[in-house]
Amino acid sequence: MAKQLQAIRGMNDILPDESALWQRLEAVVREVLSAYDYQEIRLPIVEKTELFARSIGEVTDIVEKEMYTFNDRGGDSLTLRPEGTAGCVRACIEHGLLHHQTQRLWYAGPMFRYERPQKGRYRQFHQVGAEAYGMEGPDIDAELICLSARLWQRLGIRQVTLQLNSLGSSAARAAYRERLVAYFTARHSELDEDSQRRLRSNPLRILDSKNPALRPLLAEAPSLLDHLDPESLAHFEALKALLDTAGIPYEINPKLVRGLDYYCKTVFEWVTETLGAQGTICAGGRYDGLIEQLGGQAVSGVGFALGLERLIAMLAANKPAIETAPHAYLIMVGDAAQRHGLALAERLRDQVPGLRLRMNCGGGGFKAQFRRADTSGAHFALILGENEVATESVSIKPLRATENQQHTLAGDQVAAYLRAAILEKL
Ligand code: HAM
């Protein structure tokens, strides 16, 4: 037997029995984004490597060791996108979407990071991102947070908390970085290996360390919030006031620094304890310098991305009942029935909105076809035998109801019968 091939580690198939939940999640997300008037933008999965190096930052984990980078046949270095913000900014600049206008955009699709796979962390994963351009004030930060809060409410997701921080302006952060480097250098022996490396490359990320041994050291570290520039501080205070008025609770987490370099001012994460170590289901913030840094005008940007695998894991735990079985299964016995059956099935799909009708393929006697109808989970068997063809009728047998007497309807009444059954939710 030929050797069986398997999917790449950390890249998952989403099987038919899972896809209904994905579709429901995606539909709710789309509906909520539309309620805030965000427009969809569809972006390539592959971009020039330089785009990510220049936006996410050369010394981030993502760019240093997690990107799927390769040379194409023309010798250009390309990368499978590890996130969507960089490509979104690139597209907006390229198509002039930021000239004297604001934008509220969203995108969805797979992202790729060569991380160590574990529950909630994959090498191909899916995000929905929302990005807003050309708005400097905290009102748009608050809108994005309200939008995400509405998502949890619409999805029935509880047990999430909003963590909030401000990274300040890049000048304030540079000054803070110096303070932090001085502090950690003085206590160098207390740092673990990873943090010693980060002290040279990206010292703020030490604050994000999950190593419990570092807790006392981190607890006493100077706080970024004490080093904010006046403008960032006013922005942060105004955002908090807006969230208070909107009734959205938050926790201030001065250690929240994010793993991408483009952020300034507001950063936030929605986290849950129900998913174990990978508990961030949505993360984002403001990135006012990025558009200019990538060659555009000096307009501000802010946004977030949802991790869909993690949301699916939370939704699946609530065990939602999603009906995916066919409403009806069409049984046809005899040559004439086979011929008429195909046309009948087409007619019913025209006439009954939302109908899920499975037609028996591959022939078989009544008994075999009833068995297939039963295993399909269908609510009704529609039966077309020689008698029905001769009398232009269709017999109907309810398969799930306790009252399951077979009865016969005139052919032109079947659509009305199914419409009523679907409306009454069967
Ligand atoms: P991020 O924090 O890197 O931000 O990713 C956002 C979310 O994507 C995470 O909170 C998580 O739910 C999900 N995620 C990330 N990596 C993985 C993985 N390996 N497996 C499963 N899920 C994952 C960004 O990507 C920014 N572009 C967000 C943003 C948009 N900021 C401003 N606008």
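A polar contact, as the term is used on this tour, is a pair of N or O atoms within 3.5 Å. Keep that cut-off in mind for the ligand stop. The model you have open is a predicted one.

**Stop 1: the ligand**

Select the ligand and show the residues around it. There are 25 of them, and those that come nearest are Glu83, Glu115, Glu131, Tyr263 and Thr280.

Now look for polar contacts that involve nitrogen atoms of the ligand. Pick Glu115 to begin: a polar atom of its side chain sits 2.6 Å from a ligand nitrogen. Go on to Tyr122, where a polar atom of the backbone is 2.9 Å from a nitrogen atom of the ligand. Then click on Gly303, which places a backbone N or O atom 3.5 Å from a ligand nitrogen. Try hiding the protein for a moment: the ligand taken alone exposes 660 Å², and the protein buries 96% of that.

Which elements give two or more residues to the shell around the ligand? Colour strand E6 (124-133), strand E10 (280-286) and strand E11 (301-307) to see them. E10 provides the largest share of this shell, with five residues.

**Stop 2: the sheet of eight strands**

Keep E6, E10 and E11 coloured and add their sheet. It is an open sheet of eight strands with mixed pairing, in the order E1-E5-E6-E11-E10-E9-E7-E8. At its edges you will find strand E1 (39-40) and strand E8 (251-252), each of which pairs on one side only. Strands of a sheet pair through backbone hydrogen bonds, either parallel or antiparallel.

For an antiparallel pair, select strand E7 (residues 161-166) together with strand E9 (residues 264-271); six bridges join them. Zoom in on Asn165, and you will find its bridge partner, Val267, in E9.

Next, show helix H9 (residues 230-246). H9 lies across E7, E8, E9 and E10, and runs at about 160° to E7.

**Stop 3: the sheet of three strands**

Move on to another open sheet, this one made of three strands in the order E2-E4-E3 with antiparallel pairing. Its edge strands are E2 (46-48) and E3 (68-71), each pairing on one side only. Neighbouring strands here are turned by 35° against each other on average, with direction ignored.

How many bridges join E2 to strand E4 (residues 77-80)? The count is three, and the two strands run antiparallel. Label Val46 to see one position in this pairing: Leu80 in E4 stands opposite. Then bring in helix H2 (residues 49-56), which packs on the sheet and touches E2, E3 and E4. The direction of H2 makes about 75° with that of E2.

**Stop 4: helix H7 and Leu214**

Select helix H7 (193-201). Its buried residues include Ser195, Arg198, Leu199 and Ser201. To see what the buried residues of H7 pack against, show helix H3 (61-66) and helix H6 (170-186).

From H7, follow the chain into the loop that leads to helix H8 (215-219), and stop at Leu214. Is Leu214 buried or exposed? Leu214 counts as buried because its relative accessible area is 1%, and buried means under 20%. Leaving aside residues up to four places away in sequence, Leu214 touches Glu190, Leu191, Asp192, Ser195 and Ser209. Ser195 is thus a residue to highlight twice, as one of the buried residues of H7 and as a contact of Leu214.

To finish, draw a distance between the C-alpha atoms of Leu214 and Ala91: they are 41 Å apart in space, and the two residues are 123 apart in sequence.

Notes
Residues are numbered from 1 along each chain as its sequence is written. This is a predicted model: local features need pLDDT of at least 70, side-chain atom pairs count only at pLDDT 80 or more; totals for chains, interfaces and linings use all residues. Side-chain values use heavy atoms; hydrogens and water are left out. Two strands pair if DSSP finds at least two bridges between them. Helices (H or I, at least four residues) and strands (E, at least two) are DSSP runs, numbered from the N terminus. Axes are lines fitted to C-alpha atoms, for helices over the stretch in contact, and angles run from 0 to 180 degrees between N-to-C directions. Contact means heavy atoms within 4.5 Å. Buried means under 20% relative accessible area, exposed over 50%, partly exposed in between (1.4 Å probe, protein chains only). A residue is near a molecule or strand if one of its heavy atoms lies within 4 Å of it. A polar contact is a pair of N or O atoms within 3.5 Å; within protein, one must be able to donate a hydrogen and the other to accept it, and residues adjacent in sequence count only if both atoms are side-chain atoms. Accessible areas come from the Shrake-Rupley method with a 1.4 Å probe; for residues, only the protein chains shown count as cover.
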